[in-house]
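Okay, thanks for coming, everyone. I'll put the model up first, and then we can walk through it together.

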Amino acid sequence: MSDDYCLRMERVSKTFSGVPALTNVDFRVKKGEVAALVGENGAGKSTLMKILSGVYKYGEYGGGIFINGGEAKFSSPSDAENAGVSMIYQELSPFLDMSIAENIYMGNYPTNFGGVHWAKLYDMSKKLLETLGLDYDVKMTLRRLGASQQQLVSIARALARDSAILVFDEPTSSLTNSETRNLFGIIKNLRDSGKSVVYISHKLDEIFAVADRINVLRDGENAGEFETGRCEAKDIIKSMIGRDISQMYPVNKAKKGAVVMEVKNLTVGHPYVPDKKLIDGIDFSVREGEILGLVGLVGSGRTEILNSIFGSHKGNHSHELILEGKKTEIKNPYEARNARMALITENRRFNGIVGIMGIDTNITLPYLKSVQRSFVIDKRKEAGTAAKYVEELRIKCSSVKMRLEYLSGGNQQKVVFSKWLNTSPRILLMDEPTRGVDVGSKVEIYEIMNKLAESGIAIVWASSEMPEILAVSDRILVLYGGTIKGQFSRGEADQEKILALASGVN
Ligand SMILES: Nc1ncnc2c1ncn2[C@@H]1O[C@H](COP(=O)(O)OP(=O)(O)OP(=O)(O)O)[C@@H](O)[C@H]1O
Ligand SMILES: [Mg+2]
């Protein structure tokens, strides 16, 4: 078959122990096109790409993959790579202690006299990185690069193999704004040089910035196909969740009560520069029922502030903490929990969730092992508690016993959320809680925040998504250069003004 679709996936179906994850999904990408794949958490995006990249072998799914018209039958990821399909992983490479050059050409080294031709390897790697506008020392170990740089090395690897199809599954979740812009530039160049790009993200603004066409999956089925120039975000959302969202940002109506937490003179040392301060003696407080937002660019210290309060910041830091009028010292997360604090972060690995355990156990898992021994776990109660959260947060799973590692990324995040809510905190700290979470579930998370606020909980949170932090917080603190540059109530300031403050423009 000759047409300009370099990749066609036709009537693809996949079940996991009888539960369908994909049903008759069609997906195609042209040469020289960026095709976005969107859908709610658990819609099947990653599963479809795992089929494309050989993680699920030929025979383990229904339907077919056609590359340039011929059917591809992969029995491993390296088969897929050899056929020109590259996944750009954001997760760290398993070969962190090998050089950048080795990572780029692994499995494909230039040789002479039967051995690796090192000089040539380094030279080729250097030239390749230059085409991406990068100037790294290619002999350096991969470990020495940051996450975003490692991702660029992964792109270089795809180029080294001359892959025709590159798949990006939520590539920007740990990138700064300027790194994201840089990545978009690279993706557009790839497209213009004739590559086919698949782009998965929950951030619709990114989709509109980078994609030519948008494919929507809902519950494992095709739900719509749109051309980027001919649709709006609300069309995509409707197709994704099957309804309009009447109010993206519900407003917190909780009455504000007494001050629950006062933080004084919070100082955090700079991670790399010994005598410098990342946060330089800030003061703030939060009241019962209040949602306080921390706004700042990546690196402004939001995460460090939250972790310092919670006793989980590793570096140098100090502050005075007054909880409900009483001076309190919190040296570690265990003490924080006893003081009825909870910290939800976006990094699932550090949230103490366990992949091989069920949703139920993860939610009710006591925070520290030491507490565990004194408990006899009531299995029925455990299941009941989990069922409540599964319903409230619409966690997509086949049962509350389902192992966490089988949940989609966004649904794992909802389990993290449930686990902390289940500790009934008085003070809820959250760092990028909606990262990787789909649009519909974001609204549910905001609603839960409002409900918690109404029950008197004080919330302090940070988010890089300006629209959400501005709309959901009752009050925001804008951080820049280690200090609080401005303080606004909801609706007092617009996005531009705040971004300018947060970037140190005025
Ligand atoms: N190994 C597995 N065993 C059982 N079920 C699985 C497995 N892998 C995925 N699933 C299920 O398949 C469905 C699709 O998951 P997938 O990871 O493809 O979703 P996704 O669209 O990538 O979601 P997200 O936006 O949250 O990343 C989910 O319901 C998930 O729980
Ligand atoms: Mg996914």
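**A walk through the two sheets**

So, let me start with a helix on a sheet. Helix H9, residues 302-310, lies across strands S15 (291-295), S18, S19 (427-431), S20 (458-462) and S21, and H9 runs at about 145° to S19. Before I go further, please keep in mind that this is a predicted model.

Now, the sheet under that helix. What is the strand order there? The order is S18-S19-S20-S15-S21-S22, so to speak, reading across an open sheet of 6 strands with mixed pairing. At the edges you find S18, which is 341-345, and S22, and each of these pairs on one side only. From one strand to the next, the twist averages 15°.

Let's zoom in on one pair. S21, residues 475-480, runs antiparallel to S22, and the two share 6 bridges. If you want a residue to click on, Leu477 sits opposite Gln487 in S22.

Follow the chain out of S22 and you come to Ala493, in the loop that links S22 (483-489) to helix H17 (495-502). Is Ala493 buried or exposed? Neither label quite fits: with 19 other C-beta atoms within 10 Å, Ala493 is partly exposed, and the cut-off for buried is 20 or more. Leaving out residues up to four places away in sequence, Ala493 touches Phe488 and Ile498. For a sense of scale, Ala493 and Lys14 are 479 residues apart in sequence and 48 Å apart in space, C-alpha to C-alpha.

Okay, over to the other sheet. This one is also open, with 6 strands and mixed pairing, and the order goes S6-S9-S10-S3-S11-S12. Strand S6 (85-88) and strand S12 (221-227) are at the edges with a single partner strand each, so one side of each has no neighbour in the sheet. Neighbouring strands here are turned by 20° against each other on average, ignoring direction.

Inside that sheet, S3 (residues 33-38) and S11 (residues 213-218) pair in the parallel sense, over 4 bridges. One bridge to look at is Ala35, whose partner in S11 is Arg213. And there's a helix here too: H1 lies across S3, S6, S9 (165-169), S10 (196-200) and S11, at about 150° to S9.

H1 brings us to the ligand. Which residues come nearest to ligand 1? Out of the 19 residues around ligand 1, those are Phe16, Asn41, Ser46, Ser408 and Gly410. Two elements give two or more residues to that shell, helix H1 (45-52) and helix H14 (409-421). By class, the shell has 6 nonpolar, 10 polar and 3 charged residues.

Zooming out for a second: the domain assignment gives domain 1 as 5-241 and domain 2 as 254-340 + 470-506. Their C-alpha centres lie 37 Å apart.

Last thing, a couple of backbone oddities. Asn68 isn't a glycine, yet has a positive phi of about 50°. Asn68 is in the loop between strand S4 (62-67) and strand S5 (70-72), and counts as partly exposed because 16 C-beta neighbours fall inside 10 Å. Asn265 also has a positive phi, near 50°, and again is a residue other than glycine. Asn265, though, is placed in strand S13, residues 259-269, and with 11 C-beta neighbours inside 10 Å, Asn265 counts as exposed.

That's my tour, so over to you for questions.

How values were computed:
Residues numbered from 1 in each chain as written. Chains lettered and ligands numbered in written order. Predicted model: local features only at pLDDT ≥ 70, side-chain atom pairs only at ≥ 80, totals over all residues. Buried ≥ 20, exposed ≤ 12 C-beta atoms within 10 Å, placed from the backbone. Contact = placed C-beta atoms within 7 Å. Near = placed C-beta within 6 Å. Nonpolar A, V, L, I, M, F, W, Y, C, P; charged D, E, K, R; others polar. Domains from an automatic or database assignment. Pairing = 2+ DSSP bridges. Axes fitted to C-alpha atoms, helices over the stretch in contact; angles between N-to-C directions.
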